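Work through the exercises below with the model open. Each task is followed by its solution.

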Amino acid sequence: MIFDPDIRYGCVRCGKSCRHDWDIWIHRDLPARLEPHLAKLKLTRENAFVYEQGRVRLARDQHGCRFLQDSLCSLHCQLGVFHKPNFCQQYPWFFVDTPEGIRVSASYTCTAVLQGAGPPLGEQRAEIEKCLAQNPALDVSLLNWEETVDFHRRFAQAVERELWALCLLRCLAQARAGRRWAELEPAQGPVEDMAWPRRLVVGALLKPCLDHDQELWSELDRALGDGGEVKIPQFGYAGSGAELLEWAARPLEEEVELERYRRSLWFRRQHLRCAEPLAGLLLNWAPAPLYRVLARLTNGAEALERIEMTIGHGRGVERVFGLLAGYLI
Ligand code: SF4
């Protein structure tokens, strides 16, 4: 195992993650396994689970997961960790299987991870091993592992001498011109005006970082396109698409936490889940412009949490970028 050096985690029992509105899809056998215990948990099969299109998930009410009691998971407290669905057993850890080892990181949607509260991940090896035995790590589907190892070596050498963002921007420009991992040169080449990825990232990913509201999403699309007025009621914002794009380009005075998140994202090698280098590199570049908008709309911690929900947990994001990257080349 290789542990993300930027993560400390010790659950602070806030229950926040269980109040999110995400869908926890579960194994079809789990309802039957839990049935004998439901009365003790003051639940029934009808209000504990939702059956949708041949799949089953945990039910939610206005307070979050139905199994959440006094900010704690009743399954964990009363029946033990292995009665929880796989996703919940693993949360907030991320496991990424690579030929050089399993990379262990954790989600910035978790309060403890965001606050850096608790011991470093390396000190949780025994617990993580038990979890891994039940929940296999995500496999990165690489066409040529050697090529990407070589690319990461060149990248690490380049960032010893120059800013990480500069090296990434060079690679983005080269990937846009159609170069593959083996051909990317982080230490060489000009840096173009990066208005194109900024517009692309804000246009594609700001919306899923906000409340899901189709009307707001259409408004935002229009405003980013023509620079006109837009209101984002959840943050009491009234301004313009031009201002949002200008914010995306302007660093904040304090970006330490963005840097930490950016390092974790790179550590997870999440970009290797995208077949095209351009799509993978865009995923790693995306947090900066999104953070600069969201942190101005709300605050740094909430900005990171929303970005992690979209990029770290957002199923289908790689596909969105894959399509966009294909369109750009
Ligand atoms: S969000 Fe993190 S700290 Fe809070 S209850 Fe969930 S795992 Fe624990």
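**Exercise 1: a helix pair**

In this predicted model, helix α7 crosses helix α8 in a right-handed sense. Task: describe the packing of α7 and α8, giving the angle, the axis distance and the residues in contact.

Solution. Start with the geometry: α7 covers residues 145–161 and α8 covers residues 164–176, and the two pack at about 135° with axes 9 Å apart. Next, classify the angle. Angles of 65 to 115 degrees count as roughly perpendicular and those over 145 as roughly antiparallel, so α7 is oblique to α8. Then list the contact: α7 contributes F151, F155, A158 and V159, while α8 contributes W164, C167, L168 and C171. Finally, sort these by class: the α7–α8 contact has eight nonpolar residues, with no polar and no charged ones.

**Exercise 2: a second helix pair**

Task: state how the axes of α10 and α11 are oriented, and which residues of the two helices meet.

Solution. Helix α10 spans residues 214–226 and helix α11 spans residues 241–249; their axes come within 7 Å and cross at roughly 75°. The range for roughly perpendicular is 65 to 115 degrees, which means that α10 is roughly perpendicular to α11. From α10, the residues are L220, A223 and L224, and they meet G241, A242, L244 and L245 of α11. By class, the contact of α10 with α11 holds six nonpolar residues, one polar and no charged.

**Exercise 3: the domain interface**

Task: what area do domain 1 and domain 2 bury between them, and which three residues of domain 1 supply the most of its share?

Solution. First fix the bounds: domain 1 is 2–139 and domain 2 is 195–328. Their C-alpha centres lie 26 Å apart. The contact draws on 26 residues of domain 1 and 17 residues of domain 2. Together the domains bury about 1,900 Å², with 59% of it on carbon and sulfur atoms. On the domain 1 side, D6, R103 and Y108 supply 33% of the area buried against domain 2, more than any other three residues.

**Exercise 4: backbone exceptions**

Task: is the peptide bond from Y91 to P92 cis or trans, and what is the sign of phi at R13?

Solution. Begin with the expectation: most residues other than glycine have a negative phi, and most peptide bonds are trans. The bond from Y91 to P92 is cis, with omega near 5°. P92 sits in the loop between α4 (86–90) and β8 (93–98). R13 has a positive phi, near 60°, and lies in the loop between β1 (2–3) and α1 (30–34).

Terms used:
Residues numbered from 1 in each chain as written. Predicted model: local features only at pLDDT ≥ 70, side-chain atom pairs only at ≥ 80, totals over all residues. Heavy atoms only, no water. Axes fitted to C-alpha atoms, helices over the stretch in contact; angles between N-to-C directions. Helix = DSSP H or I, 4+ residues; strand = E, 2+ residues; numbered from the N terminus. Parallel < 35°, antiparallel > 145°, perpendicular 65-115°, else oblique. Left-handed = near helix turned anticlockwise from the far one by under 90°. Contact = heavy atoms within 4.5 Å. Nonpolar A, V, L, I, M, F, W, Y, C, P; charged D, E, K, R; others polar. Domains from an automatic or database assignment. Buried area = accessible area lost by both parts, 1.4 Å probe.
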